[in-house]
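This briefing introduces a protein chain to a reader who has not met it before. Please keep the sequence and the structure in view while reading.

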Amino acid sequence: MKKNVLKTLGSVTMAFGLCSVSLAQPNTPAPEPPLIHNAKIISIFGDTYGNLDGINYNPSWEQPTVGSVEELNGESVLVYTGLTYQGTEFPAQNFSDMTTIHMDIWSDANATLRLSPISSNPPMEQAASFTLTGSQWNSIDIPLASYTNMQDAMYNIWQFKVDQGTGQTIYINNWYVYNEDDTNDTQDPVITSATAGTVGPNKIELILNGTDDSGAIFYEISYNGITETANGKSGLQCTYEVLGLDGGTTYNFTITPKDRAGNEGVSTTVSATTESPLPVPTVAAPDPTQDETDVFSIYSDKYVPSTSMTLETWGSQTQIGSYSLDGNQMIRLENLTFMGIHLNDLNPIDLDGMTTLHIDIWTPNETVFKLTLIDGQAEKPYLCAPLNLETWNSFDISLDTDFAGVNLSNITQIKIEGSWTTDATVYFDNLYFYNATPTGLDVSISDNVKIISGEGSLTIEQANNEAIIIYDLPGKVVYSNLTAENTLSINLEKGIYLVNVGGKTSKVLVK
């Protein structure tokens, strides 16, 4: 994910007679962390230990907090500006052999905050409170044992949440989870049971249990040249789904128990066969009929994309892929629970002038498909129904009516959610926004103002000293004139533009 970096300048206030100093940022580095054995620490943020790969320090949780990474006093710091709540995401980690969460935090004011670890399987979270003294570094150590409801979920932690802020700015360093016991671990872990559970057309569930003196166990699962790792807690039965398998196929899984110290136990084998493959589309989605001048395209072979699109699992087990039929590409979502579409690298897009969202959906077995538009502060879901199986379902959704309350000029993401049922598979195509009232090449934007499209130019007649602002489709201003002449001609590259004259907007194609 693209990180937004915010630079904050320090400030000092003083009063004569009694002198008080208020620092907007720390002027000294965070305390030096102790040396901890590599097998006893998981680093979330800091320069001392190697941080986890794939950490997102500023996920989009619709929070007003601004998260950034900065250089300060010769070291990297994680900054939360205007803190209300803020998340951190990373590949699921096994904390079962750890004892403590450590953070060094500097706050611009006294505060009582909470830190919540969040598990993915089972899905749950619990908060622990801590107190900060303003304008100084605070070393916080939270025992994992204080999260009493999560002791059997510590093997699959994938998020942290800091919340109950009231607008403070805080600086974080030396954030890690550790075990203060420095005893060398030489005992091999042992698998006590390993069986196949539920199977589907493209997945097999493994039910695993084992023991290790460290408290944590890692099951290395190998098959067909592929290796995956399932986290586990010693003595606790856990489940792991191997996804993306072929239907009607027998798989042999070699499962090897390991611990964090590198000790390896005796392997065992589990065999299972997937169910028959699910039906797939045999015809392409209906060909869209909207004129390209009236379309803001996200995904379609028919139209040139109007912005970038990144498909994200958001930590779910949804498997994202593509499917081609007679040269037509579509998106395939297997084991659909939820997923997200990031638009324009999370820079807001402006859908002003669009009236409708279109999508074509095909599914062999899903009954629920929700689309949610997200503007960074608000979101609203729309249920695409009914879903007829094994045929294309076309939906045209009113932006004003069905997404009322969402800021259409500030859209950053689209969320897709299914019914969370086993093996749900969905194909979609032709995801785009359009104006149901075609604009054409020559447009009358009001009773007097007319926009005429030419080769590489636009002519605006009867502007009458109105402000004129022209945007490209991603929302960048390409022309601005706050006191335009009555008639003017503007040179533009070939493309589609949003033209705003006196507060009224229309979409126009430049040839």
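**Strand β29 and its partners**

Strand β22 (residues 328-334) pairs with β29 in the antiparallel sense, over four bridges. The model shown is a predicted one. In the protein chain, the secondary structure consists of one helix and 37 strands. The points below begin with β29, then turn to the whole chain and to further strands, residues and loops.

- Within the pairing of β22 and β29, R332 stands opposite Y427.
- Strand β19 (residues 295-299) is joined to β29 by four bridges, and the two run antiparallel.
- F296 has F433 of β29 opposite to it.
- Strand β24 (residues 356-362) also pairs with β29 in the antiparallel sense, here over six bridges.
- L357 stands opposite F433 in β29, and F433 is likewise the residue opposite F296.
- Strand β29 covers residues 425-434, and 10 of its 10 residues are buried, so the strand is largely enclosed by the rest of the structure.

**The chain as a whole**

- Along the principal axes, the C-alpha atoms of the protein chain fill a box of roughly 85 × 80 × 35 Å.
- The protein chain has 511 residues, of which 50% are buried.
- Among contacts in the protein chain with a separation of 6 or more, 70% are between residues 24 or more positions apart.
- The protein chain has an accessible surface of about 22300 Å², and carbon and sulfur atoms account for 47% of that surface.
- There are 21 positive and 60 negative side chains in the protein chain, and the centres of these two sets are 5 Å apart.

**An open sheet of five strands**

- Five strands make up an open sheet with antiparallel pairing, in the order β20-β23-β28-β25-β26.
- The edges are taken by β20 (309-312) and β26 (379-383); each has a single partner strand, so one side of each is left without a neighbour in the sheet.
- From one strand to the next, the twist averages 20°.
- Within this order, β23 is followed by β28; strand β23 (residues 338-343) and strand β28 (residues 413-417) run antiparallel and are joined by five bridges.
- I341 has I414 as its bridge partner in β28.
- As a general point, strands of a sheet pair through backbone hydrogen bonds, either parallel or antiparallel.

**A hairpin**

- Strand β12 (residues 190-199) and strand β13 (residues 204-211) run antiparallel, with seven bridges joining them.
- The connection from β12 to β13 is a hairpin through four residues.
- The bridge partner of I191 in β13 is G210.

**Two buried strand residues**

- K161 lies in strand β10 (residues 157-163).
- The relative accessibility of K161 is 18%, so this lysine counts as buried, the cut-off being under 20%.
- Leaving aside neighbours within four places in sequence, K161 is in contact with W61, Q86, G87, R114, L115, S116, I118 and E125.
- K161 and A127 are separated by 34 residues in sequence, while their C-alpha atoms are 8.5 Å apart in space.
- T169 lies in strand β11 (residues 168-178), and with a relative accessibility of 11% T169 counts as buried.
- Not counting residues up to four places away in sequence, T169 touches V79, Y80, T81, G82, W106, S107 and D108.

**Backbone features in the loops**

- For context, most residues other than glycine have a negative phi, and most peptide bonds are trans.
- The peptide bond joining N121 and P122 is cis, with omega at about 5°.
- P122 belongs to the loop between β6 (111-120) and β7 (123-125).
- A cis peptide bond also leads from A385 to P386, with omega near -5°.
- P386 is in the loop between β26 and β27 (393-398), and β26 is one of the edge strands of the open sheet.
- W314, a residue other than glycine, has a positive phi near 55°.
- The loop between β20 and β21 (319-325) holds W314.
- N335 is not a glycine, yet its phi is positive at about 50°.
- N335 is located in the loop between β22 and β23, and it is buried, with a relative accessible area of 5%.

Note on methods: Residues numbered from 1 in each chain as written. Heavy atoms only, no water. Buried < 20%, exposed > 50% of the residue type's maximum accessible area, 1.4 Å probe, protein only. Contact = heavy atoms within 4.5 Å. Areas by Shrake-Rupley, 256 points an atom, 1.4 Å probe, with all protein chains shown as cover. Lys, Arg positive; Asp, Glu negative; His and termini not counted. Charge placed at Lys NZ, Arg CZ, Asp CG, Glu CD. Pairing = 2+ DSSP bridges. Axes fitted to C-alpha atoms, helices over the stretch in contact; angles between N-to-C directions.
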